[in-house]
Amino acid sequence: MDRPQGEPPDRPLGMLAELTYRCPLRCAYCSNPVALDAYADELSLADWCRVLTEARELGVLQVHFSGGEPLLRGDLTAIVAHAHALGLYTGLVTGGQALTAARLTALAAAGLDHVQISVQSADAPEADTIAGRPAHRRKLAAAALVKEAGLPLTLNAVLHRATIGRAGALIELAERLGADRLELANAQYYGWALLNRRALLPTREQLAAVEPVIRAARERLAGRLEIVYVVADLYEGVPKPCMHGWGSRQLTVTPNGDVLPCPAAAQIPGLGVVNVARARLADIWFDSPAFNRFRGTGWMREPCRSCARKEIDHGGCRCQAFQLTGDASATDPVCALSPHHAALAEAVRADTARAADATPLVPRTDTRTRIRVRHRKRPGAGTGAGTSGGADGGTGNGVPDGAEAQEKTTS
């Protein structure tokens, strides 16, 4: 809403804690930033504990630990334990490659509440090809460990042109693994996925074919498996209600401590992003330029300002608007009322008219940037005591000995 002057915004309910962007896999739909050097200095254990404490004081009820691969943090169990002690609901978003029985036992004892594991495909060779290395077998083993531990299990699969036709097989895989929830998410075009949109974007025919498959599975599995389907919004004509409104319910803390209204917001120039080393989380949430820039509806121009849906879709995605028009305050071009909608529709038609193999994928690359977990200090804050290099006694590239890491998944 266009809030009366002086009325404070709502407090956040959830936080995405991106503990690290380290990842050796090469998924072309990864939504992590393409330029990772800015995130080489990761927050320490003490930093994360302070951030979690401030998040709980601010009103946050749940936190999801993501990345990259959060299991590459050797102090993950201590971070989870601190969150649990604060009364936060905790979720782990992982590729499962480093999830051993011992590691999961420790995390469960620390208070972990939920695990989400990503899968690239139900077909092992295809899944390993997409991941850029053998990974599928370990994912299945990790899912079995989660079920044996009695923790709720979500499977997440990113759908794109090469895999959307096999959504039924992904549903069958979720059934076999005993998953409680399956998220079938069409690729969201940020980070590496944006670079690969021409190769990843499904056709209208593919989208039309998958919808009855998902609808029938929902009916058949009602009460046994929750199936969430994230639509391909570039085709919709109505924008997605991104984050349920900018600076309304959610916040993201990146590996280096930048605080964002959404995971992709760092790309917007001049946003005024503030780091947790410079201010308390509450001050950032309520007062920072980044969180107030697109909060409410007062920033909107036409056609959003007079639109009956402005309190429903909030003008659409600010990051997508910036990517497609160069102006983060523009109406999301997905919207049929946007002056840029026709150009987007033509670009989508051109993208999907290409043969699937006509546009080579640009795989996510591992820059091998040396990760530093530094002592950080600010007024009133303690000093962190983190470790550097790979997690769990891993190799120099941040991969634990004998266990690869996995990509960030859509959450």
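# A guided tour, beginning at Arg181

Select Arg181 to begin: its relative accessibility of 25% makes this residue partly exposed. The structure on display is a predicted model. Add Glu226 to the selection, since its side chain meets that of Arg181 in a salt bridge, with N and O 3.7 Å apart. Glu226 belongs to strand β8 (residues 226-230) and Arg181 to strand β7 (residues 181-186), so this pair ties together parts that lie 45 residues apart in sequence. Glu226 is likewise partly exposed, at 44% relative accessibility.

**The whole chain**

Zoom out to the full model. The chain has 411 residues, 53% of them buried, and holds 13 helices and twelve strands. Of the contacts between residues at least 6 apart in sequence, 75% join residues at least 24 apart. The accessible surface amounts to about 16700 Å², with 54% of that area belonging to carbon and sulfur atoms.

**Further salt bridges**

The salt bridges number 16 in total. Next, select Glu175 and Arg220, whose side chains form one at 2.9 Å, N to O. The former residue is in helix α6 (residues 167-177) and the latter in helix α9 (residues 204-220), so parts 45 residues apart in sequence are tied together here. Both ends are partly exposed, Glu175 with a relative accessible area of 30% and Arg220 with 46%.

Move to Asp351 and Arg198, which form a salt bridge with their closest N and O atoms 3.5 Å apart. This pair links helix α13 (residues 341-353), which contains Asp351, to helix α8 (residues 197-200), which contains Arg198, across 153 residues. Asp351 is buried at 5% relative accessibility, whereas Arg198 is partly exposed at 42%. Finally, select Arg22, Glu42, Arg73 and Asp75 together: salt bridges link them in a network.

**Strand β1 and its partners**

Is strand β1 enclosed or open to the surroundings? Select residues 14-18: five of the five are buried, so β1 is largely enclosed by the rest of the structure. In a regular strand, side chains alternate between the two faces of the sheet. In β1, Gly14, Leu16 and Glu18 lie on one side, Met15 and Ala17 lie on the other, and both faces are covered.

Display strand β3 (residues 62-66), which pairs with β1 in the parallel sense over five bridges; there, Ser66 is the bridge partner of Glu18. Then add strand β9 (residues 250-253), which runs parallel to β1 and is joined to it by four bridges. Thr252 of β9 stands opposite Leu16.

**Helix α1**

Select residues 45-58. The 14 residues of α1 span 20 Å from first C-alpha to last, close to the expected 20 Å. Its buried residues include Trp48, Cys49 and Leu52, and the elements that cover the buried residues of α1 include β1, β3, α2 (76-85), β9 and α10 (281-287). Just after the helix, Gly59 takes a positive phi of about 125 degrees.

**Leu99**

Go to the loop between β4 (89-94) and α3 (101-110), where Leu99 lies. Leu99 is buried, with 5% relative accessibility. Beyond its neighbours within four places in sequence, its contacts are Leu71, Leu104, Leu107, Ala142, Leu145 and Val146. The C-alpha atoms of Leu99 and Ala143 are 9.2 Å apart, although 44 residues separate the two along the chain.

**The cysteines**

Last, display the cysteine sulfurs: the structure holds zero disulfides. Cys30 is in none, and the nearest cysteine sulfur is that of Cys23, 6.3 Å away. Cys30 is buried, with a relative accessible area of 0%. Why is Cys262 not bonded to Cys319? Their sulfurs are 3.5 Å apart, which is too far for a bond. Cys262 is buried as well, at 5% relative accessibility.

How values were computed
Residues are numbered from 1 along each chain as its sequence is written. This is a predicted model: local features need pLDDT of at least 70, side-chain atom pairs count only at pLDDT 80 or more; totals for chains, interfaces and linings use all residues. Side-chain values use heavy atoms; hydrogens and water are left out. Helices (H or I, at least four residues) and strands (E, at least two) are DSSP runs, numbered from the N terminus. Buried means under 20% relative accessible area, exposed over 50%, partly exposed in between (1.4 Å probe, protein chains only). Contact means heavy atoms within 4.5 Å. Accessible areas come from the Shrake-Rupley method with a 1.4 Å probe; for residues, only the protein chains shown count as cover. A disulfide is a pair of cysteine sulfur atoms within 2.5 Å. Two strands pair if DSSP finds at least two bridges between them. The expected span of a helix is 1.5 Å times one less than its number of residues. A salt bridge is a side-chain nitrogen of Lys or Arg within 4 Å of a carboxyl oxygen of Asp or Glu.
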